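Trainee: Hi! I have a new structure open and could use a guide. Could you walk me through it?

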Amino acid sequence: PPQPRFAPCRPPASRVDSAMASPDTNDIELLRDEAGGLLYETGIATITFFRGDIVAASQALRAQFDKVARLNPWLAGRLVRDKASKGKLVLRHPVAPTEAH
């Protein structure tokens, strides 16, 4: 396998929470690559400009994003070190995403 170019280091503390699970959340154990080097990648940030009715566009986008977020827990989830599993890194996401997520 290819060797990393940089020595591994811990991700910034602000990117990983430490918490206990609750009944309204699910935990997904990360794959080795997800819990390793991929934590050091930068996020994707995109901005899109619209013309026209902002209310109609906002409603349409929120409705579509709701559908996508229900199928892809990464979008509404957070990376946490689960205290119950001795600090194992997991993706914690809501059982039923809401607008607040």
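**Strand partners and beyond**

Mentor: Happy to. Let's start with one pairing: Thr-25 has Pro-94 of strand E4 as its bridge partner. Keep in mind that this is a predicted model.

Trainee: Okay, and which strand pairs with E4 over residues 25–29?

Mentor: That is strand E2, which runs antiparallel to E4 with 5 bridges between them. Strand E3, residues 78–82, also pairs with E4 in the antiparallel sense, again over 5 bridges. One bridge there joins Asp-82 to Lys-88 of E4.

Trainee: What do E3 and E4 form together?

Mentor: A hairpin, with 5 residues between the two strands. Look at Lys-86 in the turn: its phi is positive, about 60°.

Trainee: Is E4 mostly covered or mostly open?

Mentor: Mostly covered: 6 of the 7 residues in E4, which spans 88–94, are buried. For the chain as a whole, 16% of the 101 residues count as buried.

Trainee: Let me zoom out. How many helices and strands are there?

Mentor: The chain has 2 helices and 4 strands. Their order along the sequence is β-β-α-α-β-β.

Trainee: And what share of the contacts comes from residues 24 or more positions apart?

Mentor: Counting contacts with a separation of 6 or more, 68% are between residues at least 24 positions apart. One example of parts meeting across the sequence is Asp-66 and Pro-97: they are 31 residues apart along the chain, and their C-alpha atoms are separated by 7.8 Å.

Trainee: New topic: charges. How many salt bridges does a search of the whole structure find?

Mentor: It finds 3. As background, side chains of opposite charge can pair when their charged atoms come close. One of the salt bridges is between Asp-27 and Arg-92, whose closest N and O atoms are 2.6 Å apart. Asp-27 sits in strand E2 and Arg-92 in strand E4, so this pair ties together parts 65 residues apart in sequence.

Trainee: Buried or exposed, what is Arg-92?

Mentor: Arg-92 counts as buried because its relative accessibility is 8%, and the cut-off for buried is under 20%. Asp-27, at 33%, is partly exposed.

Trainee: What about Lys-88, which residue does it form a salt bridge with?

Mentor: Lys-88 forms one with Glu-29, and their closest N and O atoms are 3.6 Å apart. This pair also links distant parts of the chain, with Lys-88 in strand E4 and Glu-29 in strand E2, 59 residues apart. Lys-88 is partly exposed at 39% relative accessibility, while Glu-29 counts as exposed at 53%.

Trainee: Where is the salt bridge of Arg-70 and Asp-66, in terms of helices?

Mentor: Both residues are in helix H2, 4 residues apart, so about one helical turn separates them. Their side chains meet with an N to O distance of 3.2 Å. Arg-70 is partly exposed, with a relative accessible area of 48%, and Asp-66 is partly exposed as well, at 31%.

Trainee: Now the surface. Which residues form a nonpolar patch there?

Mentor: Phe-65, Val-68 and Leu-75 do, with about 250 Å² of accessible area together. Val-68 belongs to helix H2, residues 54–71.

Trainee: Why does Val-68 count as partly exposed?

Mentor: Because its relative accessibility is 34%, and partly exposed covers values between the buried limit of 20% and the exposed limit of 50%. Across the chain, about 8,600 Å² is exposed, and carbon and sulfur atoms supply 58% of that.

Trainee: Last thing: where is confidence lowest, and where is it highest?

Mentor: Confidence is lowest in strand E1, residues 17–19, with a mean pLDDT of 53, and highest in helix H2, at 89. The chain averages 76, and 75% of the residues score at least 70.

Trainee: And how does pLDDT look over residues 6–16?

Mentor: There pLDDT stays under 50. For that stretch the model has 13 contacts beyond four places in sequence.

Trainee: Thanks, that gives me plenty to look at!

Definitions and conventions
Residues numbered from 1 in each chain as written. Predicted model: local features only at pLDDT ≥ 70, side-chain atom pairs only at ≥ 80, totals over all residues. Heavy atoms only, no water. Patch = residues over 30% accessible without salt bridge, like charges linked within 9 Å, V, L, I, M, F, W, Y side chains within 5 Å. Areas by Shrake-Rupley, 256 points an atom, 1.4 Å probe, with all protein chains shown as cover. Salt bridge = Lys/Arg side-chain N within 4 Å of Asp/Glu carboxyl O. Buried < 20%, exposed > 50% of the residue type's maximum accessible area, 1.4 Å probe, protein only. Contact = heavy atoms within 4.5 Å. Pairing = 2+ DSSP bridges. pLDDT = per-residue confidence, 0-100.
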